[in-house]
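Q: Got a minute to go through this one with me? I'd like to start with the fold and then get into side chains.

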Amino acid sequence: MQDVTDLPFMRLIARYGAPDLFVTEYFRVTPDSKPDATILKSITENETGVPVIAQMIGQDIPALIRTAQQLEKYPVAGIDLNLGCPAPVVCRKDAGGGLLRQPERVDEILRVLRDTVQGRFTVKCRLGFTDKAEFPRLLEVFQKHAINGLTVHGRTVRDAYKTAVHPECVAMAVQAMPCPVIANGNVVDVPTGIAYLQQTGAAGLMLGRGAIRHPWLFDHLRAHWEGRPVQTRTGRNMLEYIQALYDVTAAFHPHFETNLHVQKMKRYMVYITTGIAEGQLEYRIRRVSTEPEFFAACREYLDNDEPLPLRPPESSSVFCGFAELK
């Protein structure tokens, strides 16, 4: 997730139970671009021991070739092409999810990148740009190229994050593709993760927003499969997580400015506050601008031993439609 799941976040989430793989923020690829130095640190200074896949986004073929070759000089676990980002500024440039409007262009890009990338080459996509009926055609394109993995976010670009996912489409990819298929979207707790896997037959899960909200989620999923109990997490545990997140991300930036950092923390807090204190913490955080105000609000609602809600409210505007994974 751009500007969110950076190196300090990777370092922190590894303390709570790391994933099997990390994926970098995307390297923006344009005719005159170079791999972003800050994002490169997620690869070169990542001491978590978790393999890291380098993610690219763009549509200029010579630049994608050049960037893939440059990134493979680093200790990456693979190269991933983003065909799923729904941000309007990205789609207007026919990159990310915007490329799904042009299956023939996707075909051409995958062909040259498969010829270029010497190691693992994977793709992340959505079901189409406007309608999931576009997905079978996209699968035909993906099948033509020897990609090593396909991650499917079970919504269209137009859906953004406002609908339920479509597990039947992910299952279609599982049946069609000779490579492992990873299911993405709407996993907020163990039951939604297990249901997504059961309904799709996917080889694994990609977690983003759900893991920001609940950093114990990777460990809870492993505990389920290993048959071991998990500790109930409390408001105070969340307060400790927020403090650690604030500290590790602040230390990463050489020109630290308190008020700007509070604004960065709000990007995480959008997910963290969902469902806590019936929306009162979210209301307060949206209106703070200074570090003392930020932590005063957090302490008021989290400095307690009350169990944290395991999932967001079904009325959440941030996590939409997850209840349909059951």
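What follows is a chat about the sheet, the ring pairs, the cysteines and one loop residue.

A: Sure. Keep in mind that this is a predicted model.

Q: Noted. How many strands form the sheet, and in what order?

A: Seven strands make an open sheet, ordered β1-β2-β3-β4-β5-β6-β7, with parallel pairing.

Q: Which are the edge strands?

A: β1 (22-28) and β7 (204-206); each of them pairs on one side only. From one strand to the next, the twist averages 25°.

Q: What packs on the sheet around β1 and β2?

A: Helix α2, residues 37-44, packs there and touches both β1 and β2 (52-57). The direction of α2 makes about 155° with that of β1.

Q: And how many bridges hold β4 and β5 in register?

A: Four bridges, in the parallel sense, between β4 (residues 121-125) and β5 (residues 149-153).

Q: What stands opposite C125 in β5?

A: That's V152.

Q: Okay, switching to rings. How many aromatic pairs does a search of the whole structure find?

A: Eight aromatic pairs. One of them is W216 with Y241, a tilted pair at 6.2 Å centre to centre, with 55° between the planes.

Q: Where do W216 and Y241 lie?

A: W216 lies in the loop between α9 (209-213) and α10 (217-226), while Y241 is in helix α11 (residues 235-252), so this pair ties together parts that are 25 residues apart in sequence.

Q: Buried or exposed, those two?

A: W216 and Y241 are both buried. They also belong to a cluster: ring pairs link Y16, W216 and Y241.

Q: What about Y246 and F295, how are their rings arranged?

A: Their planes are at 70° and their centres 5.0 Å apart, so that pair counts as edge-to-face. Y246 is in helix α11 and F295 in helix α14 (residues 291-302), which links parts of the chain 49 residues apart. Y246 and F295 are both buried.

Q: Nice. Which ring does R101 lie over?

A: R101 lies over the face of F129, 4.4 Å from the ring centre. There's also R126, over the face of Y161 at 4.9 Å from the ring centre.

Q: Now cysteines. How many disulfides does the structure hold?

A: Zero.

Q: Why no bond for C91?

A: Because the closest cysteine sulfur, in C85, is 6.3 Å from the sulfur of C91, too far for a bond. A disulfide would need the sulfur atoms within 2.5 Å. C91 is buried too, with a relative accessible area of 5%.

Q: And which cysteine sulfur is closest to C179?

A: The one in C125, 10 Å away, which is again too far for a bond. C179 is buried, at a relative accessible area of 10%.

Q: Last topic: V188. What is its place?

A: V188 is in the loop between β6 (181-184) and α8 (190-200). Its relative accessible area is 2%, so V188 is buried.

Q: What does V188 touch, leaving out residues up to four places away in sequence?

A: R213, L217, L310, R311, P312, F319 and F322.

Q: And how far is V188 from Q198 in space?

A: 16 Å, C-alpha to C-alpha, with the two being ten residues apart in sequence.

Terms used:
Residues are numbered from 1 along each chain as its sequence is written. This is a predicted model: local features need pLDDT of at least 70, side-chain atom pairs count only at pLDDT 80 or more; totals for chains, interfaces and linings use all residues. Side-chain values use heavy atoms; hydrogens and water are left out. Rings of Phe, Tyr and Trp (its six-membered ring) pair if their centres lie within 6.5 Å; planes under 30 degrees apart count as stacked, over 60 as edge-to-face and the rest as tilted. Helices (H or I, at least four residues) and strands (E, at least two) are DSSP runs, numbered from the N terminus. Buried means under 20% relative accessible area, exposed over 50%, partly exposed in between (1.4 Å probe, protein chains only). A charge sits over a ring if NZ of Lys or CZ of Arg is within 6 Å of the ring centre and within 35 degrees of the ring normal. Two strands pair if DSSP finds at least two bridges between them. Axes are lines fitted to C-alpha atoms, for helices over the stretch in contact, and angles run from 0 to 180 degrees between N-to-C directions. Contact means heavy atoms within 4.5 Å.
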